[in-house]
Amino acid sequence: MQLIIDSLPLLFSGLLITFKLASLTLILTAFISLIFGIMSVSRYKMLRIISIVFVEVFRDIPIVVNLLFVYFGAPLLGLALDPFTAALVSLTSWGSANGSEIIRGGFNSLAKHQRESAMALGLRPWETMLFVLLPQVIVPVLPSFTGLFSLLIQATSLATLVGASEFLRTANIIVERTTMMTGESPAFAVFGFVLCVYFVICFSLNVLTSKLERKLVKSRTMQSQEEKNSSNLLKAFTESFSALKWRKSHD
Amino acid sequence: MIQPPLINVSGLCKEFRGGIRALNDINLSVNRGEVVVILGPSGSGKSTLIRCINGLEETTSGEIKVEGKSLAGNSERKWRNHRLEVGMVFQNYALFPHLNVIKNITLAPLRAGVLKKEEAVQEARRLLELVGLAAKENSPVASLSGGQQQRIAICRALAMKPKAILFDEPTSALDPEMVGEVLSVMRRLADEGVTMICVTHEMGFAKSAADRIVFMDKGEIVEEAPPQKFFSAPESDRSRRFLDLISSHHG
């Protein structure tokens, strides 16, 4: 325990890098997923093909292999990537491929008549996307995205393989150093601590997003509550009366 | 000066993929203020015809003219301008579930720049009043009954101040007790001189509101006649058989 307290500064610096890697990955993933997801339902065949190729290529490669390939392969293209960037690129590409697939699924689950009725109202294709289709896709894909984000945060620990000095790697360093100096391995305690930290991060993310989701769903039904409370007999009466009047005069 | 018909369809053919011929040499013209009801057995191409008139289906050959201007084979942009002038009401209402009632109605006019914000809201309120749903302007659409949703869908189409409205079986998805409220709205529009092309199975509405009945079977227009004539003395065998079937069904 004392060891962990003593090593906190080092662990903290690792954690900071993990946070940086994770947040950059998540932001980029969300953004790129959205772009490729929208492309996958585009009217233009070329955009759809590009999106499909991207999704299939990066979804079908294990992240670890992808990471090693990017890190060791990039220099061959004259592009030396530091471990952090290599991890960012490979995590993001894997995440975006899966994220774009989630978004495509969201679009496909929308009823066809949504697009048609927007078209019939004379909305332009981009207006249809932005004001009609996209807002309906966001809420349903939230749970899947939480899962994906959770996986990505966990996968940042893979960056240790190419030597990014993130959280797991700093823990590893502490374990090795202590073993060498004292002859006793503190692996159990240190990795136990690491495990707890990852758990807390991912668990709180899950809790937060499920709260957000509930809030978003609620905001859509809340209005009906308010409106029910405020609607009074008079309104109901005039409404049914005017409907009645019509029917009489036109039947 | 003779005004060209508002909508003129000539030689329209529509073949679906796989060579299924849905429409075969359709000629139809609709004058301003006219209410045309299209009748026919299911699969006769009624819905396909009005979907073609609004560009939701691509035509295989033939020409559609609006106020004498041809549309066939034209760009998406021209179709969009056309759709701004011709409203459409769908069988399944196709309201936007993420928007409340008033936003459903104002979205398209605001995007198209037909109306300013306050005008659009005012106009929407006026239309809601007209269909007896003034109290519902802030309700989410999911809280409304089918009949109410369809009345709002009609408001949504009207808000664009279209020159004509196409109805694609507007009451077919409704519970029987709600058919009346939607038909009374449509009847009122017909009385006010709104140009309408209406696919429906409501014979009562066809008899009393239509200026002309167009009877379709197997992708062709079999007979065109004023309702009195069509229902009392249909010319073709096929219309007679159709009417027999319907009257035996309704007792």
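Which residues have the most contacts inside the largest nonpolar core? The legends below take up this point and others in a predicted model.

**Figure 1. The largest nonpolar core and the residues with the most contacts inside it.** This core has 113 residues, and those with the most contacts within it are Val36(B), Ile38(B), Cys155(B), Met196(B) and Ile197(B). Helix α6 of chain A, residues 125–155, contributes the largest share of the core, 10 residues. Apart from this core lies another, of eight residues, among them Phe167(A), Ile174(A), Val175(A) and Val194(A). When neighbours within four places in sequence are left aside, Ile197(B) is in contact with Val30(B), Val36(B), Ile38(B), Ile50(B), Ile53(B), Ala164(B) and Leu166(B).

**Figure 2. Overview of chain A, with nine helices and zero strands.** Along the sequence, chain A follows the pattern α-α-α-α-α-α-α-α-α. Of the 251 residues in chain A, 31% are buried. Among contacts in chain A with a separation of 6 or more, 74% are between residues 24 or more positions apart.

**Figure 3. Contact of helices α3(A) and α4(A).** Helix α3, residues 63–73 of chain A, and helix α4, residues 83–109 of chain A, have axes that come within 9 Å and cross at roughly 135 degrees. That angle makes α3(A) oblique to α4(A). The crossing in which α3(A) passes α4(A) is right-handed. On the α3(A) side, the residues in contact are Ile63(A), Asn66(A), Leu67(A), Val70(A) and Tyr71(A). They meet Pro83(A), Ala86(A), Ala87(A), Val89(A), Ser90(A), Leu91(A), Ser93(A) and Trp94(A) of α4(A). By class, this contact of α3(A) with α4(A) comprises 10 nonpolar, three polar and no charged residues.

**Figure 4. Contact of helices α2(A) and α4(A).** The axis of helix α2, residues 45–59 of chain A, comes within 8 Å of that of α4(A), and the two cross at roughly 125 degrees. The two helices, α2(A) and α4(A), are therefore oblique to each other. Here α2(A) passes α4(A) in a left-handed crossing, whereas the crossing of α3(A) with α4(A) is right-handed. From α2(A), Ser51(A), Phe54(A), Val55(A), Phe58(A) and Arg59(A) take part. Their partners in α4(A) are Ser93(A), Trp94(A), Ala97(A), Asn98(A), Ser100(A) and Glu101(A). Sorted by class, the contact of α2(A) with α4(A) has five nonpolar, four polar and two charged residues. Ser93(A) and Trp94(A) of α4(A) are met by residues of α2(A) and also by residues of α3(A).

**Figure 5. Leu195(A), an exposed residue of chain A.** Leu195(A) is found in helix α8 of chain A, which covers residues 187–230. Leu195(A) counts as exposed because it has 11 C-beta neighbours inside 10 Å, the cut-off for exposure being 12 or fewer. In sequence, Leu195(A) and Thr85(A) are 110 residues apart, and their C-alpha atoms are 24 Å apart in space.

**Figure 6. Helix α1(B) and the residue Gly55(B) that follows.** Eight of the eight residues of helix α1, residues 46–53 of chain B, are buried, so α1(B) is largely enclosed by the rest of the structure. These buried residues are Lys46(B), Ser47(B), Thr48(B), Leu49(B), Ile50(B), Arg51(B), Cys52(B) and Ile53(B). Two of them, Ile50(B) and Ile53(B), are also in contact with Ile197(B). Gly55(B), which follows α1(B), has a positive phi near 75 degrees.

**Figure 7. Buried residues of helix α3(B) and what covers them.** Helix α3 of chain B spans residues 101–112, and its buried residues are Val101(B), Ile102(B), Asn104(B), Ile105(B), Thr106(B), Leu107(B), Ala108(B) and Pro109(B). Their cover includes α6 of chain A, together with α4 (117–130) and α5 (146–158) of chain B. After α3(B) comes Gly113(B), with a positive phi near 70 degrees.

**Figure 8. Two loop residues with positive phi, Tyr93(B) and Lys218(B).** Most residues other than glycine have a negative phi. Phi is nevertheless positive in Tyr93(B), near 60 degrees. Tyr93(B) lies in the loop between β6 (86–89) and α3 of chain B, and counts as buried because it has 25 C-beta neighbours inside 10 Å. Lys218(B) has a positive phi near 50 degrees. Its loop runs between β9 (212–217) and β10 (220–225) of chain B. With 15 other C-beta atoms within 10 Å, Lys218(B) is partly exposed.

Key:
Residues are numbered from 1 along each chain as its sequence is written. Chains are lettered from A and ligands numbered from 1 in the order in which they are written. This is a predicted model: local features need pLDDT of at least 70, side-chain atom pairs count only at pLDDT 80 or more; totals for chains, interfaces and linings use all residues. Axes are lines fitted to C-alpha atoms, for helices over the stretch in contact, and angles run from 0 to 180 degrees between N-to-C directions. Helices (H or I, at least four residues) and strands (E, at least two) are DSSP runs, numbered from the N terminus. Angles under 35 degrees count as roughly parallel, over 145 as roughly antiparallel, 65 to 115 as roughly perpendicular and the rest as oblique. A crossing is left-handed if the near helix is turned anticlockwise from the far one by less than a right angle, and right-handed if clockwise. Two residues are in contact if their C-beta atoms, placed from the backbone, lie within 7 Å. Ala, Val, Leu, Ile, Met, Phe, Trp, Tyr, Cys and Pro count as nonpolar, Asp, Glu, Lys and Arg as charged, and the others, Gly among them, as polar. A nonpolar core is a set of buried Ala, Val, Leu, Ile, Met, Phe, Trp, Tyr and Cys residues joined through C-beta atoms within 7 Å. A residue is buried if 20 or more other C-beta atoms lie within 10 Å of its own, exposed if 12 or fewer, and partly exposed in between; C-beta atoms are placed from the backbone.
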